[in-house]
Amino acid sequence: MSRIGRLPITVPAGVEVKVDGSVVSVKGAKGELNHTVASPIEVSLEAETLTVARPNDERASRSLHGLTRTLISNMIEGVTKGYEKKLEIVGTGYRVQAKGSDLEFALGYSHPVNVIAPDGITFAVETPTKLSVSGINKQQVGEVAANIRKLRKPDPYKGKGIRYAGEVIRRKVGKAGK
């Protein structure tokens, strides 16, 4: 039995969960999320707890069991607390600026780089070198933050670029001079 998959999910107060066949809908204070559960896995709602069950011990069922439980748990946490990723910009002249709900980066290129906020994602610029990406969908928040980091990855020689807050960049030694 999957250690993660067999754990029941408690539904907190203020969160409404509907299980309609293979579609699980979660509605809370911050918004609403839906997830379609893969075919062999079954989700049931009893009182204020959700349980995820698998019909057999086949490899596909075992791998989907824990995954489904974690995805539903993340949906519940997303509509109650939300998710946030913080990013830092390191480098002389590198900065970020809020343009309405979008972002404009100066990253040493000959032009500014614009990032448009997708639906469900909000950007917050704390200082010209610190920003945060927040939303209710954990996967979407992580993907948007990764795409922003990809604009100028941290350089292993000087450490310049966009990095996650608290990320440690392994530095390389430069050329040895004569």
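**Strand β9, its sheet and the largest pocket**

Strand β9 presents a covered face, formed by L103 and F105, and an uncovered face, formed by D102, E104 and A106. In a regular strand, side chains point alternately to one face of the sheet and to the other. The structure described here is a predicted model. Its pLDDT averages 93 over the protein, and 99% of the residues score at least 70. Among the elements, confidence is highest in α2, at 97, and lowest in strand β5 (residues 42–46), where the mean is 92.

Strand β9 belongs to an open sheet of three strands, ordered β8-β9-β10, with antiparallel pairing. The edges are taken by β8 (95–99) and β10 (113–115); each has a single partner strand, so one side of each is left without a neighbour in the sheet. From one strand to the next, the twist averages 25 degrees. Pairing between strands of a sheet is made through backbone hydrogen bonds, in a parallel or an antiparallel arrangement.

On one side, β9 is joined to β8 by five bridges, and the two strands run antiparallel. A98 has L103 of β9 as its bridge partner. The hairpin of β8 and β9 has two residues between the strands, and G100 in this hairpin adopts a positive phi near 70 degrees.

The pairing of β9 (residues 102–106) with β10 is also antiparallel and comprises three bridges. Here L103 stands opposite V115 of β10. L103 thus has a counterpart in each pairing, A98 and V115, and its side chain lies on the covered face of β9 together with F105. Six residues lie between the strands in the hairpin of β9 and β10, where G108 has a positive phi near 85 degrees.

The largest pocket encloses about 200 Å³ of space. Its lining consists of L33, N34, H35, L71, N74, M75, Y83, I136, N137, K138 and Q139. Strand β4 (32–36) and the helices α1 (59–80) and α2 (138–150) each contribute at least two residues to this lining. By residue class, the lining of the largest pocket comprises five nonpolar residues, five polar residues and one charged residue. Helix α2, one of the elements that supply this lining, is also the element with the highest confidence, at a mean of 97.

Methods: Residues numbered from 1 in each chain as written. Predicted model: local features only at pLDDT ≥ 70, side-chain atom pairs only at ≥ 80, totals over all residues. Heavy atoms only, no water. Pairing = 2+ DSSP bridges. Helix = DSSP H or I, 4+ residues; strand = E, 2+ residues; numbered from the N terminus. Axes fitted to C-alpha atoms, helices over the stretch in contact; angles between N-to-C directions. 1 Å grid on protein atoms, 1.4 Å probe; cavity = no way out; pocket = protein on both sides within 12 Å on 5 of 7 lines; lining within 4 Å. Points joined across faces, edges and corners; volume = space filled by probe spheres on them. Nonpolar A, V, L, I, M, F, W, Y, C, P; charged D, E, K, R; others polar. pLDDT = per-residue confidence, 0-100. Buried < 20%, exposed > 50% of the residue type's maximum accessible area, 1.4 Å probe, protein only.
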